[in-house]
2 protein chains.
Amino acid sequence: MVDGTESGMDDEQRIDLGVSLFIPYRYTEDRMFRALRDAGFDDWTLAQCRVFQRVSPDGSRLKDLADQAQMTKQSASVMVDQLERLGYVRRLPDPSDGRARLIVIEERGRRAVEVASKALDEILAEWKAYLGTRNFTLLHQILDQLREITDPYAR
Amino acid sequence: MVDGTESGMDDEQRIDLGVSLFIPYRYTEDRMFRALRDAGFDDWTLAQCRVFQRVSPDGSRLKDLADQAQMTKQSASVMVDQLERLGYVRRLPDPSDGRARLIVIEERGRRAVEVASKALDEILAEWKAYLGTRNFTLLHQILDQLREITDPYAR
DNA sequence: CGCTTTGGTTAGGGACATTGACTATTGTGG
DNA sequence: CCACAATAGTCAATGTCCCTAACCAAAGCG
């Protein structure tokens, strides 16, 4: 927050790494969202989509979705309600825990995942071509490393 | 969006680069926001703070803030209203254009920038120590490069 | 000068996310 | 085997954010 220009650290490196991280992130998000819309998945919102993307292929608990998306269970629940009404996911009772429910991907959701997947491939291929394979791989490695000290959710 | 597991590209690299970018970004944002709160700047919200961080030391036009923050002028205007009421910024008539107004940082805002600046330095120092100077610099360079094809706002 | 563009504001509504209080199931220690 | 704490999720009310639409005024341009 705040791109201060004073104090410590050589200026070259202060040019907001936070923003530098955010910009390409948003680029992928925007582009995938647009790809989905163009493919006919235009009945959901970005916020709903963000929750959907966290649903594991094996089904997820509401609590986990909420944690990962950094929101309250209540908020996540509303999103899931909507996604369910739209046919992207379904809630099933969790056989291993009577309190819990498993949110699983439905037919329409599966088709959306396919489209998004393809869009992501395209983006990554472009980046790879632009950065060169070497730097592209390095970026991956460094970010993975960084994740270890910045990801609040184990992984 | 959507972390698909099928199709193209070797799996190693598909582990969502988007998320990998987002996680450290959010880490910096969260931590700076907390640092500000702890320092007594606890009367604003994250959304207001996000707009504030875009205000240039020389003053910014509303339109520019809105563009950079990817929101409408109307939304940005509300944020600025609030920031102004809280004493972080002030609107001045723009001498070079009778229609426009310059949003400039006020005393309280300047103090906040200082705190945020210090927090950012800390974070970057930690990352540098963890990644090693070499990789830290590389990360910067690669992200800068990536920005050229992903930043919708020139710079 | 008219006309278009550009910078901002006002008004109203919808989407998102939070806090607080509640139910029900699970697990645990006495 | 039962009181008790912790956990999964819901309901209700509220507030914040952000958008569309409509508008005003200054600037730029033919």
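**Interface and symmetry of chains A and B**

About 6800 Å² is buried between chain A and chain B, and carbon and sulfur atoms give 65% of this area. The model is predicted. In it, 67 residues of chain A are in contact with 70 residues of chain B.

**Make-up of the interface**

- The side of chain A that touches chain B draws two or more residues from each of these elements of chain A: α1 (11-14), α2 (17-38), α3 (46-52), α6 (107-131) and α7 (133-150).
- By residue class, the side of chain A that touches chain B holds 33 nonpolar, 17 polar and 17 charged residues.

**Specific contacts across the interface**

- The number of salt bridges between chain A and chain B is zero.
- Two residue pairs are in polar contact across the interface of chain A and chain B, both at pLDDT 80 or more.

**Relation of the two copies**

- In general, a rotation about an axis and a shift along it relate two copies of a chain.
- Here, a turn of 179° with a shift of 0.0 Å along the axis lays chain A on chain B with an RMSD of 0.1 Å.
- The two copies are therefore related as by a two-fold rotation axis.
- Both copies use the same surface, as 100% of the contact residues of chain A recur in chain B.
- A:Leu21 is the residue of chain A that comes closest to the rotation axis, with its C-alpha at 2.7 Å.

Technical notes: Residues numbered from 1 in each chain as written. Chains lettered and ligands numbered in written order. Predicted model: local features only at pLDDT ≥ 70, side-chain atom pairs only at ≥ 80, totals over all residues. Heavy atoms only, no water. Least-squares fit on C-alpha atoms with pLDDT ≥ 70 in both. Contact = heavy atoms within 4.5 Å. Buried area = accessible area lost by both parts, 1.4 Å probe. Salt bridge = Lys/Arg side-chain N within 4 Å of Asp/Glu carboxyl O. Polar contact = N/O pair within 3.5 Å; in protein donor to acceptor, adjacent residues only side chain to side chain. Helix = DSSP H or I, 4+ residues; strand = E, 2+ residues; numbered from the N terminus. Nonpolar A, V, L, I, M, F, W, Y, C, P; charged D, E, K, R; others polar.
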